[in-house]
Amino acid sequence: MTLLFDITFSVAVFVLTALGLLVILGLMSIINLAHTAFMAVAVFVEVALIQVGWGFWPAAAVAVCATAAVGAIVEMTVVQRLYGKTIDDTILATWGVSVVLVQTLALAFGRTTTSIAPPLSGSFSVMGELIPVYRAFLVAAVAVLVIGLAAATGKTGKAESG
């Protein structure tokens, strides 16, 4: 049972990442290889704020805003110039942005690993196996996100026939 839940959790994390890529590609019509670098910006901001005493949720809100600000800067300075360009140009430019962001984070925060406590603690038992509450919450949240995104795209993404 633990193995099955661990696999489900891993799939949920991959699906969450893929959904981000899907939404970005669908909205911007470019291949954005800087996607994970933006996730890294959010994570590093979150960890830095928690290390100075912030709570998880306020730090998460600031991390989202900080990442959105970095994303807006990259959009205005790099991505806007890519609209209408070939796929090679978009891949190369966004990969370059990713390298710059990741190296900047490494210079600012170092290359050591760190961790933070999950925002939801505790566990519950399923067939004698303990399942962490946070992991179960993440799996459920990703399921709701997939269903919500499918419903939204089902209503807005249909081509008109006529």
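Confidence in this predicted model varies along the protein chain. Helix 1 has the lowest confidence, with a mean pLDDT of 85. Helix 3 has the highest, at 95. Over the protein chain the mean is 88. A pLDDT of 70 or more is reached by 94% of the residues. Where pLDDT is low, the coordinates of a prediction should not be read in detail.

The protein chain contains five helices and two strands. From the N terminus, the order of elements is α-α-α-α-β-β-α. The two strands thus follow helix 4 and precede helix 5 in the order α-α-α-α-β-β-α. Along the principal axes, the C-alpha trace spans about 55 × 55 × 25 Å. The protein chain has 162 residues, of which 22% count as buried. Among contacts with a separation of 6 or more, 60% join residues 24 or more positions apart.

The largest pocket has a volume of about 1,700 Å³. Its lining comprises 46 residues. Closest to the pocket centre are Leu16, Met39, Ala42, Val43 and Tyr134. Two or more lining residues come from each of helix 1 (2-28), helix 2 (35-51), helix 3 (56-77), helix 4 (87-109) and helix 5 (133-156). Helix 2 gives the largest share of the lining, 11 residues. By class, the lining of the largest pocket holds 35 nonpolar, nine polar and two charged residues.

The largest nonpolar core has 12 residues. These are Ile30, Ala34, Ala37, Phe38, Ala40, Val41, Val74, Val79, Leu82, Val97, Leu101 and Leu105. At least two residues of this core come from helix 2, and at least two from helix 4. Helix 2 again gives the largest share, here four residues. A second core is separate and has eight residues. Phe9, Ala12, Ile131 and Val142 are among them.

Helix 2 also carries two buried residues with side chains outside the nonpolar class, His35 and Glu46. His35 lies in helix 2. The relative accessibility of His35 is 9%, under the 20% limit, so His35 counts as buried. Beyond neighbours within four places in sequence, His35 is in contact with Thr17, Gly20, Leu21 and Ile24. Those four partners fall within the span of helix 1 (2-28).

Glu46 is placed in helix 2 as well. The relative accessible area of Glu46 is 8%, and Glu46 is therefore buried by the 20% criterion. Outside the range of four places in sequence, Glu46 touches Phe56, Ala59, Ala60, Ala63 and Ile116. Glu46 and Ala34 are 12 residues apart along the chain. The C-alpha atoms of Glu46 and Ala34 are separated by 19 Å.

Thr67 belongs to helix 3. With a relative accessible area of 14%, under the 20% limit, Thr67 is classed as buried. Leaving aside neighbours within four places in sequence, the contacts of Thr67 are Phe38, Val41 and Ala42. Phe38 and Val41 are members of the largest nonpolar core. Ala42 is one of the residues closest to the centre of the largest pocket.

Ala136 is placed in helix 5. The relative accessible area of Ala136 is 18%, which lies under 20%, so Ala136 counts as buried. Not counting residues up to four places away, Ala136 touches Phe5, Phe124 and Ile131. Ile131 is one of the residues of the second core. Phe9, also included in that core, is 127 residues from Ala136 in sequence. In space, the C-alpha atoms of Ala136 and Phe9 are 7.7 Å apart.

Met127 lies in the loop between strand 1 (123-126) and strand 2 (129-132). The relative accessibility of Met127 is 71%, over the 50% limit, so Met127 counts as exposed. Phi of Met127 is near 50°. This is a positive value in a residue other than glycine.

Definitions and conventions:
Residues are numbered from 1 along each chain as its sequence is written. This is a predicted model: local features need pLDDT of at least 70, side-chain atom pairs count only at pLDDT 80 or more; totals for chains, interfaces and linings use all residues. Side-chain values use heavy atoms; hydrogens and water are left out. On a 1 Å grid over the protein atoms alone, a cavity is a set of points where a 1.4 Å probe fits but cannot get out, and a pocket is an open set with protein on both sides within 12 Å along at least five of seven lines; lining residues have an atom within 4 Å of a point. Grid points are joined across faces, edges and corners, and a volume is the space filled by probe spheres set on the points. A nonpolar core is a set of buried Ala, Val, Leu, Ile, Met, Phe, Trp, Tyr and Cys residues joined through side-chain atoms within 4.5 Å. Buried means under 20% relative accessible area, exposed over 50%, partly exposed in between (1.4 Å probe, protein chains only). Contact means heavy atoms within 4.5 Å. pLDDT is the predictor's confidence in each residue, from 0 to 100.
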